[in-house]
Amino acid sequence: MSTAMNFGTKSFQPRPPDKGSFPLDHLGECKSFKEKFMKCLHNNNFENALCRNESKEYLECRMERKLMLQEPLEKLGFGDLTSGKSEAKK
């Protein structure tokens, strides 16, 4: 009597991650940016407002390497740090 299950009948369909989740940087492509950001946080008693440039650079690295969805920096809260792009839209 065999009760073999047929696991091959359904195929797995990958889907993109939900907003707010993104792949880990397994290859360390943005490691230097992450370390720079973490060092800044440590040096500034973890006041993240003082490390916004480092945070922006880290997110730009992730977007350039397709580790997260490409988003306008203004939408990520860095409109004041972009080089004149947000002023041109006003």
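Biologist: Which residue follows helix 2, and what is the sign of its phi?

Modeller: Helix 2 is followed by K66, and the phi of K66 is positive, near 60°. Keep in mind that we are reading a predicted model.

Biologist: How do I check the length of helix 2 against what should be expected?

Modeller: Count 1.5 Å a residue: the 13 residues of helix 2, residues 52-64, should span 18 Å. The end C-alpha atoms of helix 2 are 18 Å apart, so the two values agree.

Biologist: Which residues of helix 2 are buried?

Modeller: A general idea helps first. An α-helix has 3.6 residues a turn, so residues three or four places apart point the same way. Here the buried residues of helix 2 are E54, S55, K56, Y58, L59, C61, R62 and M63. Helix 1 (31-43) is included in what covers them.

Biologist: Why does K56 count as buried?

Modeller: Buried means under 20% relative accessible area. K56 has 12% relative accessibility, so K56 counts as buried. Leaving out residues up to four places away in sequence, K56 touches L73, F78 and L81.

Biologist: Which residues make up the largest nonpolar core?

Modeller: In soluble globular proteins, nonpolar side chains tend to be buried together. In this model the largest nonpolar core has nine residues: C30, Y58, L59, C61, M63, L67, M68, L73 and F78. Take C61: beyond its neighbours within four places in sequence, C61 is in contact with E29, C30 and F33.

Biologist: What does the UniProt annotation cover?

Modeller: The unreviewed UniProt entry annotates residues 30-64 as "domain: CHCH". Over residues 30-64 the chain is 74% helix and 0% strand, with the end C-alpha atoms 10 Å apart.

How values were computed
Residues are numbered from 1 along each chain as its sequence is written. This is a predicted model: local features need pLDDT of at least 70, side-chain atom pairs count only at pLDDT 80 or more; totals for chains, interfaces and linings use all residues. Side-chain values use heavy atoms; hydrogens and water are left out. UniProt positions are given in the numbering used here, feature names are shortened, and annotations may be inferred rather than shown by experiment. Helices (H or I, at least four residues) and strands (E, at least two) are DSSP runs, numbered from the N terminus. A nonpolar core is a set of buried Ala, Val, Leu, Ile, Met, Phe, Trp, Tyr and Cys residues joined through side-chain atoms within 4.5 Å. Buried means under 20% relative accessible area, exposed over 50%, partly exposed in between (1.4 Å probe, protein chains only). Contact means heavy atoms within 4.5 Å. The expected span of a helix is 1.5 Å times one less than its number of residues.
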